[in-house]
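Please read the following note alongside the sequence and the structure. It is written for a reader in the first year of study.

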Amino acid sequence: MPLLELRNIYKAFGGLQAISNVSLNVNEGEIVSIIGPNGAGKSTLFNLITGVYKPDSGDIIFEGKKLNGLTPDQVTKRGVARTFQNLRLFTHLTVLENILIPQHHRLKTGWLGAVLRLPKYLREEEEMRKIALEKLSFFGPRLMSFRLHQPVYVLSYANRRRAEMARAMATGAKLLLLDEPSAGMNPKETKEITQIIRRFRDEGGYTIVVVEHKMNLVGDISDRVIVLDYGEKIAEGDYKDVVNDPKVIEAYLGRKEE
Amino acid sequence: MRNTILTIASVGLAALALYLLSHMQGTSGLLSALTLIFIWGIAAVSLNLINGQLGILSLGHHGFMLIGGYVTALLMLPAKERRPFRTRLLSDWARNDLDLDKWLRGLGLDTIANSVDLKFVIALFLAGLAAAFIGIIVGAPSLRLKGDYLAIVTFGFGEIIRLLPNAPQVAAFTNGPLGIKGIPGNAGSIWWTFVVFLLVIWFFSRLKFSSYGRAFEGIREDEIAAEAMGVGLAYHKVLAFTLSAFFAGVAGGLYASYLQSVDTQTFNFFVTFFLLVAISLGGLGSITGAVLGTAIVILVRIYGGFLEESHTAFVGYISGAAVMLAAFAFSVYIRKSRRLRPVVEPKHYIFGGLGILLLLVALLFQGQPWMTQKVQFFGMRRILLAVILILIMIYRREGLMGRAELAWNKVFGSREDIPSDEQRDQDAWLSNPDLNPGAAKEDDDASA
Ligand SMILES: Nc1ncnc2c1ncn2[C@@H]1O[C@H](COP(=O)(O)OP(=O)(O)O)[C@@H](O)[C@H]1O
Ligand SMILES: [Mg+2]
């Protein structure tokens, strides 16, 4: 049984068919890349999976259960977390607070217990801090120590991307949806993030779906590549097969005759 | 540990100061100012939970305060004060049995019933519960809305609640527009307000620095992201709204018993407006700021009376000059501390010029009859508050405290967010690998 399964998803915005008849599977432990020209519907697909948008028709199945109709927080509680293409960190909060908030939904103590600082709450808080550090340590020391207590708005763009990935992991999700994780990073940082994403899977045990434009990153990490164009799935398979597929070349470069 | 000791010590000092004040002559004005600061501080801190921490504009706070005020009044009112207007009631129960005293005695809690103070605590708690209950009813449906829509809906609910005591069916309980008078007043003394104030501050700061407080602030920062991170919006908004309503009710109860009376004008929309001014002044999202803002507004109102007394025109000119020159100095100071050039903006010369002009006029025409004539400006206090608010909005939009709190760690401790030199070096080569000889070499190998 695949971890995530999309069956014949359709989604239109007014007259624009943003997603049409997309079906795909993601197996546990895989890294799947979704590529496609701008406006192909990649981010929309993530928004559909995470419940930000409701599909017009089709089913989204995670661990054998339907996600359709759930609100984004319920989807996250089921085990799917995401990053945003246009960073959506909690800008005025510190890095640490940013990585603690996604763990809030796992808190068992009620608000009164939290205010009274019951021992149970303090233990949970301690645990949350430990997990936050564990997730941030994927990125080496750069978000640790003093950076933990800095507000996000002082971070560099690349560091914000990293913090957002740590935040998604801290939700306790099994499946990570990363929307252009290397956007705004220089080639060295991109190389590094490629290795780190692989470590998310190897060391963290996450299943990962990446939307990316940088082909060397895609080629490096993908077990499988899915190509979208105008909301339709036009190719799927190995990186090498997919990039040599005439339909894909056409989608990116346009038709030869024109 | 050090912090706990410091907190206990300063609370003790504050209590001692209050004790001394209340035993001194001629301090009754100051004491009532403090009482008002405590009461309205509670209200401001509770509004701040929604408007500052959750980031939702709610304009119905006066409605919740009013519920608290009326519930406290109804529960505390002695039977003989209540009887005259209740005679119109059809129900015997409401006429005879809506009485906290009777309930307590019925439960065999005579010791509590015999003490006005203990009864007051219970009445306040019930007042909070009533307001919280209405808070859930109002909040659950309307918190789905966003921004302006929510503000309008909360305002509407606030006004509906406020006018409810005047409705014919309810008026028999509440004495309609005449309001309720004769609420036992010793219960609203400075000690009660002080203790409740401390408890409320304690509660809200514990809440703010808990996982729930972080979730609220996450919602304020970015609702979509908070939801994507598993924070249920509906639950957390309603929770914050309800807690806020609870403490608004408590503040309303305290205020009603401070005034010893309550009617539908006691808590009109200007109450919410005043609270909004106070928290914007102090810093949205900061508990310290909410209290500070409240204190400023109340102190200006109480001690700003001299501004509205009649003075000679000469005094007016001199103070006008002082204000202008102060504005000039202030703008220079701000621009200088922000390292803006030029230090004096051309338009600010207007302040300086006007100040000097006024000063010259005042000195040159000192003896003239129109200079010694008495003049009086009503509403100067409001103007002063408005000017303060405008200046804050221009130069420090986040309010005096921003989102920060006064904390012992900030006074005595080290800043955790500032790197040591060693950390700074490490950070520098992490973010710029070219500075790191090791990394550069590895890269050369790769290209070779
Ligand atoms: N909320 C929306 N309303 C209307 N159109 C939208 C909305 N979200 C996305 N679209 C449109 O859907 C198409 C796919 O967008 P998107 O998924 O963001 O593409 P990308 O593959 O670049 O991530 C685009 O044409 C975009 O304009
Ligand atoms: Mg996109």
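The numbered points below treat the nonpolar cores and then some backbone features.

1. This is a predicted model, in which local features need pLDDT of at least 70, side-chain atom pairs count only at pLDDT 80 or more, and totals for chains, interfaces and linings use all residues. Residues are numbered from 1 along each chain as its sequence is written, chains are lettered from A and ligands numbered from 1 in the order in which they are written, and side-chain values use heavy atoms, without hydrogens and water.

2. The largest nonpolar core (buried Ala, Val, Leu, Ile, Met, Phe, Trp, Tyr and Cys residues joined through side-chain atoms within 4.5 Å) holds 140 residues. Buried means under 20% relative accessible area, exposed over 50%, and partly exposed in between (1.4 Å probe, protein chains only). Among the members that touch the most others are F139(A), I208(A) and W40(B). Helix α14 (residues 233-259) of chain B contributes the most, with 15 residues; helices (H or I, at least four residues) and strands (E, at least two) are DSSP runs, numbered from the N terminus.

3. A second, separate core has 27 residues, including L3(A) and L177(A).

4. Most residues other than glycine have a negative phi, and most peptide bonds are trans. N8(A), in strand β1 (residues 4-13) of chain A, has a positive phi of about 50 degrees and is partly exposed at 40% relative accessible area. N21(A), in strand β2 (residues 16-26) of chain A, has a positive phi near 50 degrees and is partly exposed at 37%.

5. The peptide bond from R341(B) to P342(B) is cis, with omega near -10 degrees. P342(B) lies in the loop between α17 (313-337) and α18 (349-364) of chain B.
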